[in-house]
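Open the model in your viewer and keep the selection tool at hand. Each stop below says what to select and what is there.

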Amino acid sequence: MFELARLYRISISNLLMARWIWVYFGFFLLISFGLFRYSPTLSGAMVSYMNVVVLVIPLIATIIGSMYYYNNYDFSMMMLTQPIKRMSVFLGQLW
């Protein structure tokens with residue numbers, strides 16, 4: 001269980017160091033600020049924001065997820081050579 005928590009922390013720190021995550025955060029921050037600031041009604045802004053979310057999140061999540069697992073391949077192979085359970089390695093990267 002200790003290995004799983006440590007691998008989880010390593011995976012989260014790798015994700016937070018990725019520039020694309022921060023670009024993604026900035027994009028949604030700008031979109032939400034613009035919609036809520038310049039929309040005449042709150043309900044109209046919420047509907048527009050939900051349309052953006054429904055379209056953009058699956059596309060970007062697929063791209064970022066595939067880039068993360070592609071770039072994380074060497075780390076995964078190195079961790080599989082260590083005396084750690086395979087299930088801990090895969091669950092640590094999945095969560």
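A pocket here is an open set of grid points with protein on both sides within 12 Å along at least five of seven lines, and its lining residues have an atom within 4 Å of a point. Keep in mind throughout that this is a predicted model.

**Confidence first**

Colour by pLDDT. The mean for the protein is 83. Of its residues, 97% reach 70 or more. Now compare elements. Helix α2 has the highest mean pLDDT, 88. Helix α1 has the lowest, 75.

**The largest pocket**

Select Asn-14, Leu-15, Ala-18, Trp-20, Ile-21, Ile-64, Met-67, Tyr-68, Asn-71 and Asn-72. These residues line the largest pocket. Its volume is about 220 Å³.

Which helices each supply at least two residues of this lining? Show α1 (2–17), α2 (19–38) and α3 (42–71), and you have them. Helix α3 gives the most, with 4 residues.

Next, colour the lining by residue class. You should find 7 nonpolar and 3 polar residues. No charged residue is part of the lining.

**The aromatic cluster**

Clear the selection and pick Tyr-24, Phe-27, Phe-28, Phe-36 and Tyr-49. Together they form one aromatic cluster. How many aromatic pairs does a search of the whole structure find? The count is 5.

Zoom in on Phe-27 and Phe-28. Their rings make an edge-to-face pair, 5.3 Å centre to centre, with 75 degrees between the planes. Are these two residues buried or exposed? Phe-27 is partly exposed, at 34% relative accessible area. Phe-28 has 11% relative accessibility, so this residue counts as buried.

Move on to Phe-36 and Tyr-49. Their ring centres lie 6.0 Å apart and their planes meet at 45 degrees, so this pair is tilted. The pair links distant parts of the chain. Phe-36 sits in helix α2 and Tyr-49 in helix α3, 13 residues apart. Phe-36 is partly exposed, because its relative accessible area of 36% falls between the 20% and 50% limits.

**One step along α3**

Select Ser-48, which is also placed in helix α3. With 32% relative accessibility, Ser-48 counts as partly exposed. Add Ile-31 and draw a distance between the C-alpha atoms. The value is 9.8 Å, for residues 17 apart along the chain.

**Where α1 meets α5**

Go to Ser-88, in helix α5 (residues 86–94). Why does Ser-88 count as buried? Its relative accessible area is 9%, and buried means under 20%. Show its contacts, leaving out residues up to four places away in sequence. Ser-88 then touches Glu-3, Leu-4 and Leu-7.

Follow the contact to Glu-3, in helix α1. Glu-3 is partly exposed, at 29% relative accessible area. Apply that sequence filter again, and Glu-3 touches Ile-84 and Ser-88.

For a last distance, select Glu-3 with Asn-71. Their C-alpha atoms are 21 Å apart, and 68 residues separate the two along the chain. Asn-71 takes you back to the lining of the largest pocket.

Definitions and conventions. Residues numbered from 1 in each chain as written. Predicted model: local features only at pLDDT ≥ 70, side-chain atom pairs only at ≥ 80, totals over all residues. Heavy atoms only, no water. 1 Å grid on protein atoms, 1.4 Å probe; cavity = no way out; pocket = protein on both sides within 12 Å on 5 of 7 lines; lining within 4 Å. Points joined across faces, edges and corners; volume = space filled by probe spheres on them. Nonpolar A, V, L, I, M, F, W, Y, C, P; charged D, E, K, R; others polar. Phe/Tyr/Trp six-rings, centres within 6.5 Å; stacked < 30°, edge-to-face > 60°. Buried < 20%, exposed > 50% of the residue type's maximum accessible area, 1.4 Å probe, protein only. pLDDT = per-residue confidence, 0-100. Contact = heavy atoms within 4.5 Å.
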